[in-house]
Amino acid sequence: MHTVKPLAGSCLCGQIHYELAAPPLLTAICHFAHCQKQSGSAFSVNLVVQRSDLAVSGDLASYTDRGESGTVIYRRFCAACGSPIMTEPSDKPEIAYLKAGTLDDKGGIDPKVQIWCSSAQPWWSSQFEIPAFDRNLSQ
Ligand SMILES: [Zn+2]
């Protein structure tokens, strides 16, 4: 038996801390327009995790957003400093999308796919030789 070292993360001000007890199911680069707005960046890097593997402490604020399909998604961020921490889709409550930039140990990041390339910023050209999808994985 080997033990998996939990991945830890935090927000900018340190009020939010989290631990991820198991490795992410997948790490995806997301070019969805809302991910750009919410992260303030060209794209977000999301760790797809089991919600039950994730322990979060601190005061998370929430914004109720909708994906392109109309599905309600909850965007969780630090109430004090605004750092985006994770997104929880209402139709898949067992899953969370954790923002990779908030990890304290950057070694846990290993993007395998790019999604929503149809809304990627025009100057972006992929530096990664990983599968790229115009929309979501199933589309
Ligand atoms: Zn904070």
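**View A. Strands S1 and S2 side by side.** In this predicted model, S1 pairs with strand S2 (residues 17-20) in the antiparallel sense, and four bridges hold the register between them. Pick out Ala8 and look across to S2: its bridge partner there is Glu19.

**View B. The three-stranded sheet around S1, S2 and S5.** Pull back a little from the S1-S2 pair and you get an open sheet of three strands, ordered S1-S2-S5, with antiparallel pairing. Strand S1 (7-10) and strand S5 (54-57) sit at the edges with a single partner strand each, so each has one side without a neighbour in the sheet. Going from one strand to the next, the twist averages 15 degrees.

**View C. The seven-stranded sheet.** Here's the other open sheet to look at: seven strands in the order S6-S7-S8-S9-S4-S3-S10, and this time the pairing is mixed. The edges belong to strand S6 (60-66) and strand S10 (113-115); each has just a single partner strand, so one side of each goes without a neighbour in the sheet. Ignoring direction, neighbouring strands of this sheet are turned against each other by 30 degrees on average.

**View D. Strands S3 and S10, a parallel pair.** Zoom in on the S10 end of that strand order. Strand S3 (residues 26-30) runs alongside S10 in the parallel sense, and the two pair over three bridges. For a handy landmark, find Cys30, which stands opposite Ile115 in S10.

**View E. Stepping back to the whole chain.** How many helices and strands does the chain have? The count is one helix and ten strands. Starting at the N terminus, the elements run β-β-β-α-β-β-β-β-β-β-β, so to speak the chain's itinerary, with the helix coming after three strands. The radius of gyration is 15 Å, close to the 14 Å that the globule rule gives for 139 residues, so the chain is as compact as a globular protein of that length. Measured out along its principal axes, the C-alpha trace spans about 35 × 35 × 30 Å.

**View F. Burial and contacts across the chain.** Buried residues make up 28% of the 139 residues here. As for who touches whom, take the contacts in the chain with a separation of 6 or more: 50% of them are between residues 24 or more positions apart.

How values were computed:
Residues numbered from 1 in each chain as written. Predicted model: local features only at pLDDT ≥ 70, side-chain atom pairs only at ≥ 80, totals over all residues. Pairing = 2+ DSSP bridges. Axes fitted to C-alpha atoms, helices over the stretch in contact; angles between N-to-C directions. Rg over C-alpha atoms; globule rule 2.2 N^0.38 Å. Buried ≥ 20, exposed ≤ 12 C-beta atoms within 10 Å, placed from the backbone. Contact = placed C-beta atoms within 7 Å.
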